[in-house]
Structures are given as structure tokens and as C-alpha cells.
Amino acid sequence: MSGKSSRNIINSDEWEALENNVPVLEMTPDGNIMRANRLFLELIGYGKHEICKLHHKDLCTVETVVSREYADFWRALRNGETVNGIFQRKRGNAALLWLDAVYIPMRNDEGKLVRIISFCTDATRRAQQAHNDSRKLSSIENAILCADFSLQGVILRANANFASAVGYSPEELIGMDCSMLVDDSEGERGLSAELWAKLRAGHSYSGRIRRRASNGEPVWMQATYIPLAGQNGAIERVAFLANDISDLMRREIRLLEEMQGIAMIAECMDNAAVITDRFNKISYVNHGFTRLFGYGRKDVLGRPLSALLLLPLPDA
């Protein structure tokens, strides 16, 4: 018994609109291609008579055909289930494309599955963009510290870099309150509470933060917290991206301690002493300098050392 055609199930006006605007493919329940409209033929790169000699698997890569997902795809269709999604397919010239498609099993009056009809659109550019975005995200994950927090500060996810920086495994961090990584000092906890109040209000934060590793050692990070909203516009979680700058901070702290020691000695000298930072800007002058040259410290701190040659004498 012949079943109803899809064109009899959909009224003629609707079918004409679909035919003129959407790529359409019709197949038997076994996957043999029965017909395709002009738009589908142009999209896939086959002629009208040529495509009717093909099976659906001829439009797929070998990897797709032998995959479990492809077997599940056909099992669902033969069970009368509609299937939709983004699918990779193969053009007549073997070039790959992605289709945003819906596959609809069609039954006759007796309930027998008689054909499968597919409506689709070309999603190649969107799929390639998503793939590129995924690769970029993967590169970011491999390069920096990443984590996701709930609005209460509970760690939802942490990558290997973040876990390594604070001395835990990613599994140990999940479910941990991020306050466990904050120094016990009252000042640090106060800053953390103020930060989370701003994040819950939807304000991002970027800056240097100090956290405590599992061994009690300080970990310095150049961090960015980004509140993320859900579909209803409400803030749902906070994304965390950071670089571990602990080595840099330890060097800066050692340099500061050395400078403080030098400054203590220099203050006891009558000679002028000037200390510059790594950018050759003046970070310290002693009393001998101010007595000898007559400049106050506020006049020279932060200036390039070469600027001393251009400053007018105070009594000029």
C-alpha cells in the first residue's frame, strides 16, 4: 500500500513555500534518497537524477557513518522520532558542510513508516565559527588560570592551571568555598567580602589579588572576575581568569626590602643618593639629595633620572 506523500500531509501552499525557500530532502526509511528540491541540490552539489541513486550515508563522511551517533540517528528515525540538530555532511566534491536540519518520519493512514523528510539550512559558517571559538577557549584554558564560581563564592569548576597554582587537584576544589583560599588576616577577608558584593551586583573586577595555597604560601594573581548572566538577565555565576604573578611579586618584594635597607643606610649619609626602578624612574632620594639640590622628594619621585638635568634650580 502506498503511503501519503509529504506533499499531501502538508497543504499545497505550505509545501510550495517550503520548496521555494528551504532545502528539502526525502528518503525511504532505509535511507535511500527519493528526491531533493533545487535548493538542496545546489547546497549539496549534486544533480537531480544523480542524487536519487545515492544513499544518505553517501552524503556523510566515513567517520560519521561508522559512528555510534549515526546508528542512533537512524534508530530514532525508524522508531518514528523526529531528529534535529547541527550535522556534518559531505558535498558532491567531497567538501564538508554543516546543516542545521530537522528529520521528520512520515507515516501512512495505517501508521506505517513510509518516508523521512528533511528540512535544513546551511550552518557551515556558524559551525566553523563555533569550532574556532572552541579552539580559542581551549588555548586560553591551556595558557591561564580559569575557574567558575557560584554567586556565593563556591568553586564550580577549576582548570588544571588554577588547581596547580593553589596546590589542590581540580576535584578537590569543586564545592570548596573560595574564602578557603583567602588569607586569614582581617584586611584580606574584608577586601574579599567587598569584592563579592560588587560581583553579585554585576560589576566586573580586574587587579592583583593575593590568595593562599594549600601549603599556606601566598599566591599572587593578576585576575579578572566577570559576572555572567543567564537567559533571564540575572547574574548566575562568575567567571575567573588570571595569570600567576607570584614570581614577579616575590622579586618586587625582595627588591623593596633591599631598597628599604639601602634607604636606611643612605639616610645616614651626607652625600646625595638616588635609587631608580627598572624603568629608570626615580623611586627614592635621601635627605642628602634634598639638602644638596634643594628639591623636595615630591618634585622628583616618579620622574626619569634624565629629567634631573632639565629641572631648573630651585633658587633660580
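These are my notebook entries on a predicted model of one protein chain.

**Entry 1: overview**

I started with the totals. The chain has 316 residues, and 37% of them count as buried. I listed 13 helices and 12 strands. Then I looked at contacts between residues at least 6 apart in sequence; 37% of these join residues at least 24 apart.

**Entry 2: the five-stranded sheet**

I traced an open sheet of five strands, in the order 2-1-5-4-3, with antiparallel pairing. Which strands stand at the edges? They are strand 2 (33-36) and strand 3 (83-90). Each has a single partner strand, so one side of each lacks a neighbour in the sheet. On average, neighbouring strands here are turned by 30° against each other, direction ignored.

I checked one pairing in detail. Strand 1 (residues 24-27) runs antiparallel to strand 5 (residues 113-122), and four bridges join the two. E26 has I117 of strand 5 as its bridge partner.

Next I asked what lies across the strands. Helix 6 (residues 68-78) lies across strand 1, strand 3, strand 4 (96-107) and strand 5. Its angle to strand 3 is about 135°.

**Entry 3: A94 and T64**

I looked up A94 in the loop between strand 3 and strand 4. A94 is not a glycine, yet its phi is positive, about 80°. Is A94 buried or exposed? Its relative accessibility is 52%, so A94 counts as exposed, the cut-off being over 50%.

T64 came next, in helix 5 (residues 62-65). T64 has a relative accessible area of 17%, so it is buried; the limit is under 20%. I set aside neighbours within four places in sequence and found T64 in contact with Y70, Q88 and R89. Y70 belongs to the span of helix 6, while Q88 and R89 fall within strand 3.

**Entry 4: strand 6 and its partners**

I moved to strand 6 (residues 145-150). Six of its six residues are buried. In a regular strand the side chains alternate between the two faces of the sheet. I therefore checked each side of strand 6 and found both covered. L145, A147 and F149 are buried on one side, and C146, D148 and S150 on the other.

Which strands pair with strand 6? Strand 10 (residues 235-244) pairs with strand 6 in the antiparallel sense over six bridges. There, F149 stands opposite V238. Strand 7 (residues 155-158) also runs antiparallel to strand 6, with three bridges. A147 faces A158 across that pairing. The hairpin of strand 6 and strand 7 has four residues between the strands, and G153 takes a positive phi near 90°.

From A158 I followed a link to E171, in helix 9 (residues 170-173). A158 and E171 are 13 residues apart in sequence and 8.3 Å apart in space, C-alpha to C-alpha. E171 is exposed, at 60% relative accessible area.

**Entry 5: the cavity**

I searched the whole structure for cavities of 30 Å³ or more and found one. How much volume does the largest cavity have? I noted about 90 Å³. F149 of strand 6 is in the lining, and the other lining residues include C178, L181, V182, W196, M221 and F240.

I sorted the lining by class: 10 nonpolar residues, one polar and one charged. S192 and R211 are among the lining residues; by type, serine counts as polar and arginine as charged. Helix 10 (186-200), strand 8 (205-212) and strand 9 (218-229) each supply at least two lining residues.

Notes: Residues numbered from 1 in each chain as written. Predicted model: local features only at pLDDT ≥ 70, side-chain atom pairs only at ≥ 80, totals over all residues. Heavy atoms only, no water. Pairing = 2+ DSSP bridges. Axes fitted to C-alpha atoms, helices over the stretch in contact; angles between N-to-C directions. Contact = heavy atoms within 4.5 Å. 1 Å grid on protein atoms, 1.4 Å probe; cavity = no way out; pocket = protein on both sides within 12 Å on 5 of 7 lines; lining within 4 Å. Points joined across faces, edges and corners; volume = space filled by probe spheres on them. Buried < 20%, exposed > 50% of the residue type's maximum accessible area, 1.4 Å probe, protein only.
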